[in-house]
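Let's take a guided walk through this protein, from its interior to its surface. Keep the viewer open as you read.

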Amino acid sequence: MAPRWLSIALLAAVLPSCTLATPMGDHLETRASNDDPFSPPYYPAPNGGWRSNWAEAYQKAHSVVSNMTLAEKVNLTTGTGIYMGPCAGQTGSVPRFGIPNLCLHDSPLGVRNTDHNTAFPPGITVGATFDKHLMYERGVGLGEEARGKGVNVLLGPSVGPMGRKPRGGRNWEGFGFDPVLQGIGGAQTIKGMQSTGAIACLKHFIGNEQEMHRMSSVVTQGYSSNIDDRTLHEFYLWPFAEGVRAEVGSVMIAYNDLNKSACSQNSKLINGVLKDELGFQGFVVTDWLAHLGGVSSALAGLDMSMPGDGAIPLFGDSYWGPELSRSILNGTVPVERLNDMASRILAAWFKMGQDQDYPLPNFSSNTEDEKGLLYPGALFSPSGIVNQYVNVQADHDITARAVARDAITLLKNEGDLLPLRRNDSLKIFGTDAGSDPKGLNSCADKGCNRGVLTMGWGSGTSKLPYLITPQEAIANISSMAEFYITDSFPSSVEASSDDIAVVFINSDSGENFITVDGNPGDRTASGLHAWHNGDDLVKAAANRFSQVVVVIHTVGPIILEEWIDLDPVKAVLIAHLPGQEAGYSLTDVLFGAHSPSGHLPYTIPYQESNYPSSVGVLQQPFGQIQDPYTEGIYIDYRHFLKEGIKPRYPFGHGLSYTSFEFSNPSISILTPLNSAYPPSRPSKGPTPSYPTTIPPASEVAWPKNLNRIWRYLYPYLDNPESAAAVANSSKTYPYPDGYSTDPKPPPRAGGAEGGNPALWDIAFSVQVTVTNTGRRPGRAVAQLYVDLPDSLGLDTPSRQLRQFEKTKMLGPGESETLTLDVTRKDVSVWDVVVQDWKAAVAGEGVRVYVGESVLDLRVDCEVGGRCSTL
Ligand code: NOJ
């Protein structure tokens with residue numbers, strides 16, 4: 001594959017290495033052999049503020065930052081410490097300029113650990129809708145709830161992990177196993193969220209594809225995702241570029257290393273790729289406790305440390321906070337870097353209008369009580385009213401239900417057994433149809449799998465404000481349903497030939513800090529099989545009943561082989577993870593008020609061994625795990641196509657109660673691709689300028705009369721003068737290899753947020769008429785795949801999703817003409833030598849397909865030629 005741009009940045013030690021000027025715990029970079037992954041230095045950090053759409057926000061930031069003291073600037077960059085406030089993390093405040101402690105809080109599906117919120121369906125369900133409008137609307141709902149609770153930065157959406165590892169614990173937080181589906185899902189969510197004034201946080205940047213061994217600490221080192229340049233650009237970076245293009249306000253750095261350099265201090269990744277090439281204008285924040293070094297991370301482009309703590313949480317120390325103050329005073333970190341950090345944070349705040357009437361947090365994620373400790377992490381904390389129980393739900397249940405419903409994916413429906421009729425005699429099996437016997441939200445962060453599975457577990461959750469279970473929803477519609485809410489098939493159950501058995505099974509996963517039934521986040525114990533002996537339950541039902549419907553709630557791919565071909569198993573629905581609207585979203589489809597219109601956001605294989613061997617979850621007791629991405633861009637369907645492996649159900653598959661015909665396809669050229677590489681990038685505009693003199697040490701002296709909270713993180717130093725004195729000494733700081741303060745020439749692939757704007761020129765546009773040819777109303781999804789020509793000189797997947805559109809509800813006989821736009825970037829490969837996107841000139845040789853799944857193609861177009869129906 002591609003030559004490597006990423007250097008040998010072997011982290012010599014996890015523990016703080018010796019630094020002359022500061023004790024800030026930097027990693028030393030040393031060179032290993034040339035065969036090692038490589039993460040080259042990229043310095044200095046590019047300043048934000050050169051994009052016209054951010055100009056006003058940066059001007060406002062500039063007028064404030066210019067007048068801030070050193071302590072005030074540092075306060076913006078560093079969290080106050082874990083459990084030192086109501087949110088997952090909060091920055092220090094700058095009262096002089098009306099800037100409160102900024103609240104950063106989970107999750108990508110709703111405000112976490114609070115009340116009177118909406119528990120929306122998670123990303124994987126959103127992806128399965130293939131509905132851009134719903135993606136956006138859910139984002140609006142998320143943003144409104146964040147704002148209503150006083151969350152400044154809502155920690156989502158998640159577009160990494162990307163599903164490289166089918167067992168990976170957090171794939172369900174993102175939108176599917178494809179960069180374009182993730183990219184569109186993420187961008188629509190960001191636009192919706194930020195339209196409300198909440199700042200979105202795109203995460204986890206990058207290569208956080210498994211949960212186990214993700215973190216570095218004083219005793220262990222997180223794995224290194226070793227990703228070559230082309231794979232990075234064409235696959236893992238793609239959705240981040242789309243999110244940056246959507247003007248996301250913040251990006252969260254992943255725990256793991258990329259090419260042997262921790263993401264939180266990987267200068268090539270943050271300075272080079274994110275800030276220079278993608279032109280990111282917002283701020284970069286660590287994942288929680290992912291901060292590993294003070295000076296190294298500052299120089300590498302990190303802007304905010306969350307929750308602020310150093311190597312050992314709750315000890316009251318930090319790699320930044322007072323240490324960042326010290327490193328500015330002693331001249332190690334250039335003042336310019338701190339000014340840029342503060343400008344980026346404040347520019348995002350101003351851009352979203354948070355200076356105008358944005359609520360303060362009115363909830364506490366630490367307790368449900370009305371009164372509680374203000375700083376539970378402190379030994380002695382003042383207390384006060386911490387929960388005001390503000391109801392932020394509005395009518396978001398409508399969107400939540402629409403997403404859950406329009407995601408439901410019908411895998412098979414023999415003899416049109418579905419939809420059910422109200423007077424069908426139903427026997428319902430499985431605990432996944434019912435409620436949690438221990439009560440709603442009985443497990444913290446959903447760290448158990450009891451009752452219907454509404455979401456995975458971990459920080460990507462929120463509490464269910466209520467839950468309509470499938471059992472309740474079915475009982476409300478059918479008086480002919482009997483319920484057996486058990487996972488062991490009741491031997492006494494009677495079956496008559498008219499009976500329809502509906503069997504509920506599920507598969508769960510989550511974040512690594514909780515282990516559920518032997519699964520430490522990743523599905524190591526369960527594999528891709530149904531939990532709670534779900535396969536046996538289906539088989540037992542199929543043994544007794546002649547008509548069986550299987551409903552599956554799952555975090556991702558699940559193996560169906562033990563029963564999918566049994567004769568009685570007529571219908572199978574994947575209901576993904578439905579959130580609070582589990583019941584009615586399902587009955588909307590089960591009983592035919594809506595035709596299913598969801599499509600698989602991943603492939604379902606026959607067996608796990610169908611995946612490349614390189615995508616298993618890695619475990620290793622000692623030493624750093626090296627995870628080479630040897631399969632390159634051949635993830636999910638790309639791999640199955642390449643290897644000629646038939647999937648059980650292909651990516652994009654999803655049946656309806658009706659049928660659709662694709663007709664009258666045409667392709668038109670909009671922006672001729674006259675050259676292989678895009679036209680030259682726009683030049684960079686100016687960025688705010690500030691004095692670069694080191695501020696007086698007195699600016700970080702402890703203020704008199706400060707009522708200090710023990711272990712709370714402040715920016716102040718006991719003896720600031722001595723820190724400043726080092727600046728004038730002969731001691732020098734061992735800057736990383738390649739450290740420089742001379743700005744690099746702007747990368748040719750950059751030029752705007754996301755990259756060179758010409759990459760998004762619409763090269764051509766495909767139109768196709770979709771007609772409902774069946775007898776029921778329904779919605780179709782048109783998925784556009786490209787096959788790039790050999791003339792590009794690289795091996796490319798035979799199909800790559802590049803666009804999709806969903807019809808409105810079409811009545812029988814009704815048609816809609818859809819337009820699917822294809823950009824220059826969509827028909828390009830990443831040229832690792834030129835460091836730019838290379839397209840097929842004039843689109844020559846590009847084939848474009850439109851269909852209902854990657855294997856159900858209905859339209860074939862040749863660029864510059866004709867289209868035909870297949
Ligand atoms: C760690 C998770 O990886 C991240 O997604 C989350 O936002 C933070 N914890 C804060 O809870």
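Is G174 buried or exposed? G174 is buried, with a relative accessible area of 0%. Please bear in mind that this is a predicted model.

## Around G174

G174 sits in the loop between β5 (153–154) and α5. Setting aside neighbours within four places in sequence, G174 is in contact with G123, I124, S158 and Q182. Its C-alpha atom is 8.1 Å from that of G186, and the two glycines are twelve residues apart in sequence.

The loop between β5 and α5 also holds R164, whose side chain forms a salt bridge with D627 in strand β20 (residues 626–628). For this pair the N to O distance is 3.1 Å, and the two residues are 463 residues apart along the chain. R164 counts as buried at 1% relative accessibility, and D627 is buried too, with a relative accessible area of 2%.

## Domains and cores

The domain assignment divides the protein chain into domain 1 (41–391 + 686–726) and domain 2 (408–604 + 648–658). Their C-alpha centres lie 37 Å apart. The contact between them takes 38 residues from domain 1 and 40 residues from domain 2.

Now for the interior. The largest nonpolar core has 107 residues, and F205, I206 and L801 touch the most other members. Helix α5 (residues 179–194) supplies the largest share of this core, with six residues. At least three residues of the core come from each of domain 1 and domain 2. If you click on I206, you can look for L232, Y236, L237, F240, A254, N256, L258, C263 and L269, which I206 touches when residues up to four places away in sequence are not counted. Another core, of 41 residues, lies apart from the largest one and includes A501, V555, L560 and V569.

## Two enclosed helices

Why can helix α7 be called largely enclosed by the rest of the structure? Seven of its eight residues are buried, so the surrounding structure encloses most of the helix. The buried ones are W238, P239, F240, A241, E242, G243 and V244. Their cover includes α5, β6 (199–205), α6 (229–236), α8 (267–277), β24 (800–806) and β27 (836–839). After α7 comes E247, with a positive phi near 70°.

W238 is a good residue to zoom in on. W238 belongs to helix α7 (residues 238–245) and is buried, with a relative accessible area of 3%. Beyond its neighbours within four places in sequence, W238 is in contact with P179, V180, L232, H233, R802, K825, D826 and W837. The C-alpha atoms of W238 and D178 are separated by 9.6 Å, although the two residues are 60 residues apart along the chain.

Helix α15 (residues 582–590) is also largely enclosed by the rest of the structure, because eight of its nine residues are buried. These are A582, G583, S585, L586, T587, D588, V589 and L590. They pack against α12 (396–407), α13 (470–477), β17 (500–507), β18 (548–554) and β19 (569–574). Just after α15, G592 takes a positive phi of about 85°.

## Salt bridges

The count of salt bridges comes to 45. One of them joins K132 and E805, whose closest N and O atoms are 2.7 Å apart. K132 is in helix α4 (residues 132–149) and E805 in strand β24, so this pair ties together parts that are 673 residues apart in sequence. E805 counts as partly exposed, at 22% relative accessibility.

R748 and D836 form another salt bridge, at 2.8 Å from N to O. R748 is in the loop between α17 (720–727) and β22 (762–772), while D836 is in strand β27, 88 residues apart. R748 is partly exposed, with a relative accessible area of 41%, whereas D836 is buried, at 1%. Salt bridges that share partners also join D131, R401, R405, D406, D588 and R779 into one network.

## A nonpolar patch outside

Finally, turn to the surface. V218, V219, I312 and F315 form a nonpolar patch there, with about 410 Å² of accessible area together. F315 lies in the loop between α9 (294–300) and α10 (322–329) and is exposed, with a relative accessible area of 59%.

Terms used: Residues are numbered from 1 along each chain as its sequence is written. This is a predicted model: local features need pLDDT of at least 70, side-chain atom pairs count only at pLDDT 80 or more; totals for chains, interfaces and linings use all residues. Side-chain values use heavy atoms; hydrogens and water are left out. A nonpolar core is a set of buried Ala, Val, Leu, Ile, Met, Phe, Trp, Tyr and Cys residues joined through side-chain atoms within 4.5 Å. Buried means under 20% relative accessible area, exposed over 50%, partly exposed in between (1.4 Å probe, protein chains only). Helices (H or I, at least four residues) and strands (E, at least two) are DSSP runs, numbered from the N terminus. Domain bounds come from an automatic or database domain assignment. Contact means heavy atoms within 4.5 Å. Patches are made of residues with over 30% relative accessible area and no salt bridge: like charges are joined within 9 Å, nonpolar side chains (Val, Leu, Ile, Met, Phe, Trp, Tyr) within 5 Å. Accessible areas come from the Shrake-Rupley method with a 1.4 Å probe; for residues, only the protein chains shown count as cover. A salt bridge is a side-chain nitrogen of Lys or Arg within 4 Å of a carboxyl oxygen of Asp or Glu.
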